[in-house]
Amino acid sequence: MEQDKKQVLALAARQVFTSKGYKAASIAEIARKAGVAVGSFYNYYASKDEVFLDVFIEENNRMRQRIMDEVDWSAEPVVVVGQLFDCTFRLISSNRIISEWENPAIADKLHAHFLSAEGQRGYPFYQFLVEVFARRMAEAGFPKEKIDRAMRAYELLYFVDMRVSERDFPGYAEAMETLATCFVRGLFEQE
């Protein structure tokens, strides 16, 4: 029963964040939408940031699952990268919750979560990309040492992606796509 109330609060929070955005949303409105007292909210979440993180993680996983379903992972690696970025930008631009990634009021907490070991372990899309690209490299005949070096470079791209945003580096998204495309092209066109 306790988990049900937490889920009701998370659903209400998702609706409020979707309609108002992070900044304009309030705990009182989330509690009202969930049909609970404000004091009850604090039995499940310590703050608006905490409930937003839960909502963001769930929404991000839902969006990333759509990407996993839409991208043709059997295409040439450079084509896969293009599809990956195209699909990501399309889905992010229409998603108010995911767009909060750039919001200075919450961005540091979001980035810190996805940089943490717990955040990476609980991020199916990160694990999926590691598995797909490692498998594709193995199928292409890459030696284990080269796959390991490439995965370390992927971890660096991930690390940068979790720390840098458009507000830090105008044109970041395009630059990251170029970097990822050149990285993959360099790997697979050398062989």
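A pocket is, on a 1 Å grid over the protein atoms alone, an open set of points where a 1.4 Å probe fits, with protein on both sides within 12 Å along at least five of seven lines; its lining residues have an atom within 4 Å of a point. A volume is the space filled by probe spheres set on the points, which are joined across faces, edges and corners.

The model is predicted: local features need pLDDT of at least 70, side-chain atom pairs count only at pLDDT 80 or more, and totals for chains, interfaces and linings use all residues. Residues are numbered from 1 along each chain as its sequence is written, and side-chain values use heavy atoms, without hydrogens and water.

**View 1. The largest pocket encloses about 850 Å³ of space.** Among its 38 lining residues, R64, F85, T88, D161 and M176 are the closest to the centre. Helices 4, 5, 8, 9 and 10 each give two or more residues to the lining (helices are DSSP runs of H or I, at least four residues, numbered from the N terminus). Helix 10 supplies the largest share, eight residues.

**View 2. Helix 4 covers residues 48–70.** Its end C-alpha atoms lie 32 Å apart, in agreement with the 33 Å expected for 23 residues at 1.5 Å a residue (1.5 Å times one less than the number of residues). At the helix start, a side-chain oxygen of S47 comes to within 3.3 Å of the backbone nitrogen of D49.

**View 3. E29 lies in helix 2, residues 27–34.** E29 counts as buried because its relative accessibility is 19% (buried means under 20% relative accessible area, with a 1.4 Å probe and protein chains only). Not counting residues up to four places away in sequence, E29 touches V16 and K20 (heavy atoms within 4.5 Å).

Notes:
Buried means under 20% relative accessible area, exposed over 50%, partly exposed in between (1.4 Å probe, protein chains only). A polar contact is a pair of N or O atoms within 3.5 Å; within protein, one must be able to donate a hydrogen and the other to accept it, and residues adjacent in sequence count only if both atoms are side-chain atoms.
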